[in-house]
Amino acid sequence: MTEYEVSTKHSRLYHTQAIAARAKGIIENYLACDRQVTWDRKVKNIESPARGTKNFNARHTLFIRAENDQFEISLDASGDLLHKRGIKKNVGKAPLRENIAFAMFSAAGYSGKESLLDPMCGSGTFSIEGCMIKENIPPGFFRKFAFEQWPCFSQARWNHIKKKAEKAIIPTKNTTLFASDIDNKMLASLEKSLNAHNLNASVKVFNKNFFDLNPDKLTEDKGLIVLNPPYGKRIGDDLKVTGDQKLTRNLKVTRKINIESFFAKIGKHLKENFKGWRAGIVLPDKDLLSTLPFSASLTPVFHGGLEIFIATGKIT
């Protein structure tokens, strides 16, 4: 099945459904007349060797982008968004994208050889991404791609590419990654994901409140600590915005105070217990940089339509 997604900007043709219908007719008529077979008809007969089931993920998306009366047509080769690694099955309320975790590791200079502590791990984005870096596992190694259902796809060639990449993987010899949280449900989900992909030897998962955590009891190495703290509605009271402008302003001020207080508490714990460690922390507001006990580099990123910030530095 082929789906058409259309977007327009500064175009005299702006009716997306009409553009999709017109493009569908032209493309399918061409395939039927000149190639003797329609795309959809051929896809229906493809069998996925990995799953052994007919028509697995046999849905193809054609993107049509119109801008300034110029059209670009592209076929989705990924399927799921590229940041997905094919490992996590369950996520929390505000899961961090894997590519943002990778961006933090890059900014913090994480090599995979030093200790990594993820003390607010949630569903384990940092822990899993760190483990993959440590073992030199390619980002898409465990996932499926849309191009695997294309008629021209060669399973034998793809298997050869994956086997070659597998030879470069470095199996872990010691546990240097530590993941903790206060949510047992998320911890169980993380352990299940790690076990399913033979990554459990690299990561020690345990229940612990960050503010009760002493890193010296885990490792002698002063490595990297990464944090994606809960913020906004996820801490304190659920402060709902109402139609009353004065009340709305008061609620926003209260929420800001709660967030600042929470991040200041995090900063205090880092300063008292993590001297010598490098740190990476996700900030919902760049003004929260003042709550951190180290001189940090700030990198803006977009996540879920919002601008957030990655702060990295060494705790002194």
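**Exercise 1. Surface and burial**

Find the accessible surface of the protein chain in this predicted model, then the share of residues that count as buried.

*Solution.* Start with the area. The accessible surface of the protein chain is about 18,300 Å². Next, split it by atom type. Carbon and sulfur atoms hold 51% of that surface. Now turn to the residues. The chain has 316 of them, and 40% count as buried.

**Exercise 2. Two cysteines**

Decide for Cys121 and for Cys152: buried or exposed?

*Solution.* Take Cys121 first. Its relative accessible area is 7%. Buried means under 20%, so Cys121 is buried. Now take Cys152. Its relative accessibility is 65%. Exposed means over 50%, so Cys152 is exposed. Last, check for disulfides. The test asks for a pair of cysteine sulfur atoms within 2.5 Å. By this rule, the count is zero.

**Exercise 3. From elements to a sheet**

Count the helices and strands of the chain. Then describe the open sheet of three strands.

*Solution.* The chain has seven helices and twelve strands. Three strands form an open sheet in the order 1-4-5, and the pairing is mixed. Its edges are strand 1 (2-9) and strand 5 (70-75), each pairing on one side only. On average, neighbouring strands here are turned by 15° against each other, direction ignored.

Now look at one pair. Strand 1 runs parallel to strand 4 (residues 60-67), with eight bridges between them. Tyr4 stands opposite Leu62 of strand 4.

**Exercise 4. Contacts along the chain**

Among contacts with a separation of 6 or more, what share joins residues 24 or more positions apart?

*Solution.* Such residues account for 70% of these contacts in the protein chain.

How values were computed: Residues numbered from 1 in each chain as written. Predicted model: local features only at pLDDT ≥ 70, side-chain atom pairs only at ≥ 80, totals over all residues. Heavy atoms only, no water. Buried < 20%, exposed > 50% of the residue type's maximum accessible area, 1.4 Å probe, protein only. Helix = DSSP H or I, 4+ residues; strand = E, 2+ residues; numbered from the N terminus. Contact = heavy atoms within 4.5 Å. Areas by Shrake-Rupley, 256 points an atom, 1.4 Å probe, with all protein chains shown as cover. Pairing = 2+ DSSP bridges. Axes fitted to C-alpha atoms, helices over the stretch in contact; angles between N-to-C directions.
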